[in-house]
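Subject: Structure for your review

Dear colleague,

Please find the structure below, handed over for your use. My notes on its charged side chains and its metal site follow.

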Amino acid sequence: MEEKILIIEDEEKLARFIELELEHEGYRVEKATDGRDALAMAERGDYDLLLLDVMLPGMSGMELLRRLRRTKQTPVIMVTARDAVMDKVTGLDMGADDYITKPFEIEELLARIRAALRKRSGAAAGEGLLTSGKLTLDPARHIVRYGEEEISLTSREFDLLQALMENRSLVLRREQLLSKVWGYDYMGETNVVDVYIRYLRSKIDEKFDVKYIHTVRGVGYVFRDAEA
Ligand code: CA
């Protein structure tokens, strides 16, 4: 899974340099140079992490963080000027996850980013988790695992599996699954459900030689805990 990072930095050369390094590491990157624009992007977007310079035009990094924290808990690494002790303390008080001081080595930045992302994924895991035997679906992180192995699902497959797991042991009619997963206004064929059930089975039941997804002939589908 590619994690998405927003670089908020008005020194364009530095921002570009960080962008290239992060992309090289496999992150998706967006940039903002102005505090107000950045806040709007951070509030709207689904970033996994913000890299936030303290000294910005438009709105300071501190103010941006303060406002962002009213609605969002996106991990934030503050970028502070050298020896600005106050910035570090204030930033952490206001909910930054970490800080790094300019000038920094890119390796140190990458390590801090990895740590912040790891910490956050650990915190998010467990909220609303759906499990059945070795199968785990994590709605917050949009991850499905069987044991340690991550199962790559499209978002439709994921939503379908989530709907089934949330209603385990209950038989769901195709129409119910259509409205839960595809939406009430879906106008296509109901056999799209059968197609996606087939995808899920090949990625889970058949792959791991278990049986979670059962067909109830003439009615629909039901998720049952697999027998040990
Ligand atoms: Ca700056």
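I begin with Arg145, which is partly exposed at 34% relative accessibility. Please bear in mind throughout that this is a predicted model. The side chain of Arg145 forms a salt bridge with that of Glu150, with an N to O distance of 3.9 Å. Glu150 likewise counts as partly exposed, its relative accessibility being 43%. Elsewhere, salt bridges with shared partners connect Glu9, Glu11, Asp53 and Lys102 in one network. In total, the structure contains 17 salt bridges.

Within the network, the pair Lys102 and Glu11 deserves a description of its own. Their side chains meet in a salt bridge at 2.9 Å, N to O. Lys102 is located in the loop between β5 (98-101) and α5 (106-124), while Glu11 is in the loop between β1 and α1, so this salt bridge ties together parts of the protein that are 91 residues apart in sequence. The two partners can also be described by their accessibility: Lys102 is buried, at 16%, whereas Glu11 is partly exposed, at 40%.

A further salt bridge joins the side chains of Arg112 and Glu108, again with an N to O distance of 2.9 Å. Both residues belong to helix α5, and because they are four residues apart there, about one helical turn separates them. Arg112 is partly exposed, with 25% relative accessibility. Glu108 is also partly exposed, with a relative accessible area of 35%. As general background, side chains of opposite charge can pair when their charged atoms come close.

I turn now to the metal site. Which protein atoms serve as donors of the calcium ion? They are supplied by Asp10 (OD), Asp53 (OD) and Met55 (O), at 2.1 to 2.3 Å from the ion. Along the chain, these donors follow the spacing D-x42-D-x1-M. The two aspartates come from distant parts of the chain, 43 residues apart: Asp10 sits in the loop between β1 (4-8) and α1 (12-24), and Asp53 is in strand β3 (residues 49-53).

Are these aspartates buried or exposed, or something in between? Asp10 is partly exposed, its relative accessible area being 31%. Asp53 is buried, with 4% relative accessibility. Asp53 thus appears in two of the settings described here, as a donor of the calcium ion and as a member of the salt-bridge network with Glu9, Glu11 and Lys102.

With kind regards

Note on methods
Residues numbered from 1 in each chain as written. Predicted model: local features only at pLDDT ≥ 70, side-chain atom pairs only at ≥ 80, totals over all residues. Heavy atoms only, no water. Donors = N, O, S within 2.8 Å, 3.2 Å for Na, K, Ca; no water. Buried < 20%, exposed > 50% of the residue type's maximum accessible area, 1.4 Å probe, protein only. Salt bridge = Lys/Arg side-chain N within 4 Å of Asp/Glu carboxyl O.
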